[in-house]
Amino acid sequence: MQRPHKKKINKLTPALLYKPVQQYVEEFQGDFYDKPRACPHCNSNNRKRHGIEKKLFCKIITRNGFRDIYVYVLRFQCKDCGKTYYAKSPFYDKIMYCKPIVDLILYLAAKNPFHRIEAKFLEYGIQVDEDTCRNYTIKFQDKAKKYAKISVLGKEVGINLLKVMFGVENVKELKKKYPHKKFDSVSDETYPTIKGAKKRFEELNRERKLRGEEPFKYPNGWTLAVSYLAMLKLFASVVITPTSFNRMFADALMQPLNGSDYDLTDGSPCYDSENHERCLFHKAKNLAKKDKQLKRMKKEKKPPDEIRQYLKGEYKKLEEEQLKLLREKYPKFVVDNNFVGATTTNAMEGGNWRLKYELRTSYSNQNAITGRVILACLLDSIYTFRNGMPNESFAHKHTTFSFGKIMCY
């Protein structure tokens, strides 16, 4: 096993950042955990003692190198199934480091690539390496899939974030808990580049250009599809796949949205729901492609401002028609004669771009990117600060989520 490289805390790092963290973990040094629990394999309480094990809690970075913090945990053997297990302790099963360290890794993984998490832990005076951060994020992803998987035709294709956050299968169940809320959903896809694909894409296009062939438009990417409850500002489901988006993935994405007041999408034929509405912006773009007046203006080389004003006028007409229709179909979303529900996928476009921004780098491992996207969706939904001021989200008020809930599942 390769040993970690020697590290030193930067002289510019304020003591306020790392000393409280180190003092907190040092308090665990030598603790003994012997509180019994039911067998995790068969749920039996028929057990006997089976020795004491010294476990690594974490590693502290000091001026002289690493210093290990150890605790002692009593082991039991189940008299019914014969398997051994630990007493109640601050560890997740089959994970070396303690719960506080693992939870902090998962929290930071929502906004940071794995190498940056390692650098941040260095500022806290704690030794954690990049591979450990990746492994724990993948472990979380595996547990989340087990707890809240979305299956289509017996194949696991997505994660139900409503179940992760609220313990419900779909919007219909969430409505029963909070009937006074409005539930308008938005769904869309984006395509983060697969690691190494951009370089290969440029090389292929250079070759195709030399041969006089049409260049590829985009490099290979992951299909990242998410659904979003716009009024509640929370993500409902996520699908990540290396294959193209299709009806099966759309069905998986829409499963948790069962019961929503209406579903807004970009108009892709993959989506199919009872209360399906089309994004106003995408509708306007498609109409503009067929607009004869616009084609004539471009042919006559009209000034850009004149074309822009024409398009704004046409969009305004379309918007008025759309809002009138939506007010009639969904009176629940009319407040002071204004329609307050989602009319475009902009909330999701922004959400997708936020997710791509939070990833910050490309990935070749599907489990790694899935774990990071799930964590980013959860952090974006469960917030207490937004738009430059304290602002508690609906999800934060009502969620039952914790890292331990998923990691112990």
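Me: Why is Phe28 called buried?
Reply: Phe28 has a relative accessible area of 15%, and since buried means under 20%, with exposed meaning over 50% and partly exposed anything in between (1.4 Å probe, protein chains only), Phe28 counts as buried. The structure is a predicted model, in which local features need pLDDT of at least 70 and side-chain atom pairs count only at pLDDT 80 or more, whereas totals for chains, interfaces and linings use all residues. Residues are numbered from 1 along each chain as its sequence is written, and side-chain values use heavy atoms, with hydrogens and water left out.

Me: What makes Tyr24 partly exposed?
Reply: The relative accessible area of Tyr24 is 42%, which falls in the interval between the buried and exposed cut-offs, and therefore Tyr24 is called partly exposed.

Me: How many aromatic pairs does the structure hold, and why is the pair of Tyr24 and Phe28 called edge-to-face?
Reply: There are 17 aromatic pairs. For Tyr24 and Phe28 the ring centres are 5.4 Å apart and the planes stand at 75 degrees; rings of Phe, Tyr and Trp (its six-membered ring) pair if their centres lie within 6.5 Å, and planes under 30 degrees apart count as stacked, over 60 as edge-to-face and the rest as tilted, so this pair is edge-to-face.

Me: What makes the pair of Phe333 and Phe339 tilted?
Reply: Phe333 and Phe339 have 40 degrees between their planes, with 5.9 Å from centre to centre, so the angle meets neither the stacked nor the edge-to-face criterion and the pair counts as tilted. Phe333 is buried at 1% relative accessibility, and Phe339 is buried at 11%.

Me: Which residues form one aromatic cluster with Tyr24?
Reply: Tyr24 is in one aromatic cluster with Phe28, Phe57 and Phe91.

Me: How do you know that the charged end of Lys163 sits over the ring of Tyr147?
Reply: The charged end of Lys163 is 5.4 Å from the ring centre of Tyr147, and a charge sits over a ring if NZ of Lys or CZ of Arg is within 6 Å of the ring centre and within 35 degrees of the ring normal. Arg75 likewise lies over the face of Tyr86, at 5.7 Å from the ring centre.

Me: Why do Lys7 and Glu118 count as a salt bridge?
Reply: The closest N and O atoms of Lys7 and Glu118 are 2.9 Å apart, and a salt bridge is a side-chain nitrogen of Lys or Arg within 4 Å of a carboxyl oxygen of Asp or Glu, so the pair qualifies. Lys7 lies in the segment before helix H1 (15-26) and Glu118 in helix H3 (residues 114-124), which puts the partners 111 residues apart; helices here are DSSP runs of H or I with at least four residues, strands are runs of E with at least two, and numbering starts from the N terminus. The structure holds 23 salt bridges.

Me: What makes the salt bridge of Asp261 and Lys175 a tie between parts of the chain?
Reply: The side chains of Asp261 and Lys175 meet at 2.9 Å, N to O. Asp261 is in the loop between helix H8 (247-254) and strand E10 (262-265), while Lys175 is in helix H6 (residues 171-177), so the pair ties together parts that are 86 residues apart in sequence. Asp261 is buried at 13% relative accessibility, whereas Lys175 is partly exposed at 25%.

Me: How do you know that Lys143 has no salt bridge?
Reply: The nearest side chain of opposite charge, Asp93, is 6.5 Å from Lys143, where Lys and Arg count as positive, Asp and Glu as negative, and His and the chain ends are not counted; that distance is beyond the salt-bridge limit. Lys143, which is found in helix H4 (residues 130-148), is nevertheless buried.

Me: Why are strands E2 and E3 called paired?
Reply: Strand E2 (residues 47-62) and strand E3 (residues 65-78) run antiparallel and are joined by 13 bridges, and since two strands pair if DSSP finds at least two bridges between them, E2 and E3 are paired. A hairpin of 2 residues connects E2 to E3, and Ile60 has Arg67 in E3 as its bridge partner.
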